[in-house]
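Hi everyone, thanks for coming. I'd like to spend a few minutes on helix packing, so please have a look at the model with me.

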Amino acid sequence: MTDPVQDHVATTLDGRVLHLVLDRPEKKNALTRAMYARLADALEEAAGDADVRAVVLSGRGGVFTGGNDLGDFMMDPPTGPDSPVFRFLRNAVGFPKPLIAAVAGPAIGIGTTVLLHCDLAYAAPDARFKMPFVDLGLVPEAASSLLLPRIVGPARAAELLLFGEAFSAETAREMGLVNAVVEDPVETALERAAVLAAKPPQAVRQSKALLRRETADAVGETMAHEGALFVERLASPEAQEAFTAFFEKRTPDFSPFE
């Protein structure tokens with residue numbers, strides 16, 4: 001069963017696997033407020049739907065996501081915990097069933113940090129990951145300031161988050177951000193999701209909960225703290241200069257803010 005595209009997010013239910021597809025390839029699947037709201041609603045609905053036992057998240061057109069749509073962010077920025085972007089992150093963190101990512105092409109910002117909340121992730125050889133929060137005058141989100149050091153180590157996490165430089169699919173695999181580099185990550189993700197969907201559902205859910213039990217409270221607290229700082233930073237002169245420079249295709253000048 002396939003639903004029509006709603007707010008640039010396509011949904012397909014095949015057997016017991018729900019496939020969520022970011023469907024804005026002409027904009028590198030950059031995420032808007034409407035797309036976040038749709039994703040948040042879809043995960044909330046899937047969590048309570050007995051017909052759904054696993055969810056796969058991917059992007060159309062050989063691109064996972066170029067991150068946040070900066071124009072949309074400037075026009076309608078998140079203002080608090082009930083904003084769509086934070087609702088989506090909370091629903092991804094709290095999603096009780098297997099959540100699997102299939103990454104091809106760019107995975108910028110939240111396109112990388114959301115992987116911290118996926119149970120499995122598969123990347124194409126051309127996948128490129130980047131977390132340019134500092135360059136945009138912002139701070140890390142999605143509890144990446146907590147989880148990334150645990151996965152890749154404090155020194156490497158500092159390098160990734162402070163420099164915000166791109167890294168390859170093979171580097172992501174070596175660091176433990178993705179499970180494998182494969183030619184067709186969507187096909188692999190859907191196949192693995194179908195395997196999980198055929199297993200005893202309560203055993204799968206309880207096993208996932210156990211795997212995430214140690215960090216559950218800390219993730220929620222960290223996301224709330226990061227989110228408040230993120231909203232504050234969006235209104236900062238540094239972020240405004242970074243965003244303006246992006247649209248004007250020039251190098252930002254942060255010297256007045258020293």
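So, α1 and α3 run roughly parallel to each other, since their axes cross at roughly 30° and angles under 35 degrees count as roughly parallel. Keep in mind that this is a predicted model. Helix α1 covers residues 33–47, and its axis comes within 8 Å of that of α3. The crossing of these two is left-handed.

Which residues of α1 and α3 meet? On the α1 side you'll find R33, Y36, A37, L39, A40, D41, L43 and E44. Facing them from α3 are P84, V85, R87, F88, N91 and A92. If you sort the residues of this contact by character, you get 9 nonpolar, 1 polar and 4 charged.

Now let's stay with α3 and turn to another partner. Helix α3, residues 84–93, also packs with helix α10, residues 216–234. What is the angle here, and how far apart are the axes? The angle is about 165°, and the axes lie 12 Å apart. That makes this pair roughly antiparallel, because the cut-off is over 145 degrees. As for handedness, α3 and α10 cross in a right-handed way.

Here α3 contributes F86, L89, R90 and V93 to the contact, while α10 brings in V219, M223, G227 and V231. This group divides into 6 nonpolar residues, 1 polar and 1 charged.

To recap, α3 is roughly parallel to α1 and roughly antiparallel to α10. The crossing with α1 is left-handed, and the one with α10 is right-handed. Thanks, and I'm happy to go back to any of these contacts.

Note on methods: Residues numbered from 1 in each chain as written. Predicted model: local features only at pLDDT ≥ 70, side-chain atom pairs only at ≥ 80, totals over all residues. Heavy atoms only, no water. Axes fitted to C-alpha atoms, helices over the stretch in contact; angles between N-to-C directions. Helix = DSSP H or I, 4+ residues; strand = E, 2+ residues; numbered from the N terminus. Parallel < 35°, antiparallel > 145°, perpendicular 65-115°, else oblique. Left-handed = near helix turned anticlockwise from the far one by under 90°. Contact = heavy atoms within 4.5 Å. Nonpolar A, V, L, I, M, F, W, Y, C, P; charged D, E, K, R; others polar.
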